[in-house]
Amino acid sequence: MKPIEMIAWFTKDGYPIPLRYRLADEDEKNIVIKVNKILFKEEEKIAGNRMILYRCESIINNTIKIFELKYEIATCKWFLFKM
Amino acid sequence: MDNRIIFHIDVNSAYLSWEAVYRLQHGAKIDLREIPSIVGGDSKKRHGIVLARSIPAKKYNISTGETVYSALQKCPHLIVVPPNFERYLNASNALIDLLREYSSKIQRYSIDEAFLDYTDGDKPWREAAYEIKDRVKNELGFTVNIGIGPNKLLAKMASDFKKPDMIHTLFKDEIKDKMWPLPVEELFMVGPKTKAKLNKRGIFTIGDLANLDRNYIYSWLKKPGLLIWEYANGIDNSKVRSEPLPVKSVGNSTTTSFDVDNRREAHMILLALSEKVSMRIRAIKRTAYVVSVGVKNSNFFSYSKQMKLDVPTDSTNTIYETAKKLFDEMWQGEPLRQLSVSLSDLLDNNFYQLSFFERDDRKEKLFDKAIDKIRDKFGQESVFRSCFLHSGINPLIGGVILEEEYPMMSSKI
């Protein structure tokens, strides 16, 4: 799980919605991925630590990819959880 | 009293499970609970003891409280992870929040144990217990044992039966079959010393103890004997206390990362400890009559000395000066590895008696108050005494989390 840089918007209820994020690929080159669709979101509080999990869909290199992002409420950090 | 339904909720290998699930939540591939692993202090700083172990680590005969060094000898591929108390407190708080949905009568017994009075619960108690256990597992990610009984003692004994992720009952009619065959040291409040005493007179199981004559045990072991005899017979009328017990003493200790062999350094450590305990006692609005200082030398021999003041105090300076005096009176000059300062015989500030003969310390009180406020607002180390500059010694030593927020185990249930 890697921390990532994120552009997100927040709903009136205070929920963040991920839009676009940036991470370094194997050659340390930054790539930007646009979140095309959020399939579902789910809040968890494992060990008392609240996180919001998003399963998303994007087109990366002309293929549709499914991945999971996590937002940690206590630290305001975004993570790429699974890809 | 015996018609109550008390739950005792006990987190299975708490620190380790919490660490494990936190790591899984952050994408770890390995579950610490499934491999030989421990949560342990840093050996280099000499805080190297095992705080919690996984069930696979238990198979290597590693026990809580032994040194990390000896644990690694028993199992060289053991995974050692450092503790993170803030994380554990979060997990513990989440557990208590969940329990509050079931009853308002909850006693937080320690960071990983709680009593819950379900006598007036809405659901059948067995159903409620299973629901709690499964919700904790699904929502919070770790497992608990729940012991159910007519009082706190029996509930606590029951939660200890078989682990993990289990529910056990121990009602009066089950005592004979479930509790009496157990070795006597498994009984709450029977430690190694009492065990030795009991064993010497042929008492090996809880049943042996329970079947002694009440007068016999009283004439032999007096009041504490009577207490364990009552426990062995499943008698305990204590309530589930939602309010914490009043604080009886406040103390801080530190194991230094190097041996302290000169007076100057020892005094600085005493000052750092005094700073912390005095801040804590002021925070709970008490003053103390008794100051005590304890040390442990490099041969692991401990001794202490205490002194009763004429006028109770909460002043950093008075506490430090007294601690220094006590220390100088008892220290033999040998290298020390641990020092502690504690305050007891506490008095509510409202009853503070003014004295003719004591020096006027109003200015000092204001000063202490100002320092506390600054530290509260800008952090613990925002202001400290200049003698600590470049000394390598922390200007404030002792507990990172306040006791109220972080209840420790007590001998009283």
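**Exercise 1.** How many bridges join β7(B) to strand β8 of chain B, and do these strands run parallel or antiparallel? Place β7(B) among its neighbours in this predicted model.

*Solution.*
- Step 1. Strand β8 of chain B covers residues 167-169; 3 bridges join β7(B) to it, and the two run parallel.
- Step 2. Within this pairing, B:H168 of β8(B) stands opposite B:G147.
- Step 3. Strand β1 (residues 6-11) of chain B also pairs with β7(B), in the antiparallel sense, over 6 bridges. Here B:N145 in β7(B) has B:D10 opposite.
- Step 4. Burial comes next. Strand β7 spans residues 144-149 of chain B, and 6 of its 6 residues are buried, so the strand is largely enclosed by the rest of the structure.
- Step 5. Both faces are covered: one side carries B:V144, B:I146 and B:I148, the other B:N145, B:G147 and B:G149, all buried.

**Exercise 2.** Compare the span of helix α10 of chain B with that of a straight helix of 19 residues, and locate the bend.

*Solution.*
- Step 1. A straight helix of 19 residues would span 27 Å at 1.5 Å a residue. The end C-alpha atoms of α10(B), residues 214-232, are only 11 Å apart.
- Step 2. The helix bends by about 135 degrees at B:L221. A proline, B:P224, follows within four residues.
- Step 3. The buried residues of α10(B) are B:I217, B:G225, B:I228, B:W229, B:Y231 and B:A232. These pack against α6 (152-159), α8 (192-200) and α9 (206-210) of chain B.
- Step 4. After the helix comes B:G234, with a positive phi near 75 degrees.

**Exercise 3.** Carry out the span check for helix α12 of chain B and list what its buried residues pack against.

*Solution.*
- Step 1. Helix α12 (residues 316-330) has 15 residues and reaches 21 Å from first to last C-alpha, close to the 21 Å expected at 1.5 Å a residue.
- Step 2. Its buried residues include B:I319, B:Y320, B:L326 and B:F327, along with B:T316 and B:T318.
- Step 3. The packing partners of the buried residues in chain B are two helices, α11 (263-283) and α13 (362-378), and the strands β10 (286-297), β11 (302-313) and β12 (336-348).

**Exercise 4.** Describe the domains of chain B and its contact with chain A.

*Solution.*
- Step 1. Chain B is divided into domain 1 (1-173), domain 2 (180-232) and domain 3 (249-388).
- Step 2. The centres of domains 2 and 3 of chain B, taken over C-alpha atoms, lie 39 Å apart.
- Step 3. In the interface, 8 residues of chain A are in contact with 15 residues of chain B. The chain A side has 5 nonpolar, 2 polar and 1 charged residues.

Terms used:
Residues are numbered from 1 along each chain as its sequence is written. Chains are lettered from A and ligands numbered from 1 in the order in which they are written. This is a predicted model: local features need pLDDT of at least 70, side-chain atom pairs count only at pLDDT 80 or more; totals for chains, interfaces and linings use all residues. Two residues are in contact if their C-beta atoms, placed from the backbone, lie within 7 Å. Ala, Val, Leu, Ile, Met, Phe, Trp, Tyr, Cys and Pro count as nonpolar, Asp, Glu, Lys and Arg as charged, and the others, Gly among them, as polar. Domain bounds come from an automatic or database domain assignment. The expected span of a helix is 1.5 Å times one less than its number of residues. The bend at a residue is the angle between axes fitted to the seven residues ending there and the seven starting there. A residue is buried if 20 or more other C-beta atoms lie within 10 Å of its own, exposed if 12 or fewer, and partly exposed in between; C-beta atoms are placed from the backbone. Two strands pair if DSSP finds at least two bridges between them.
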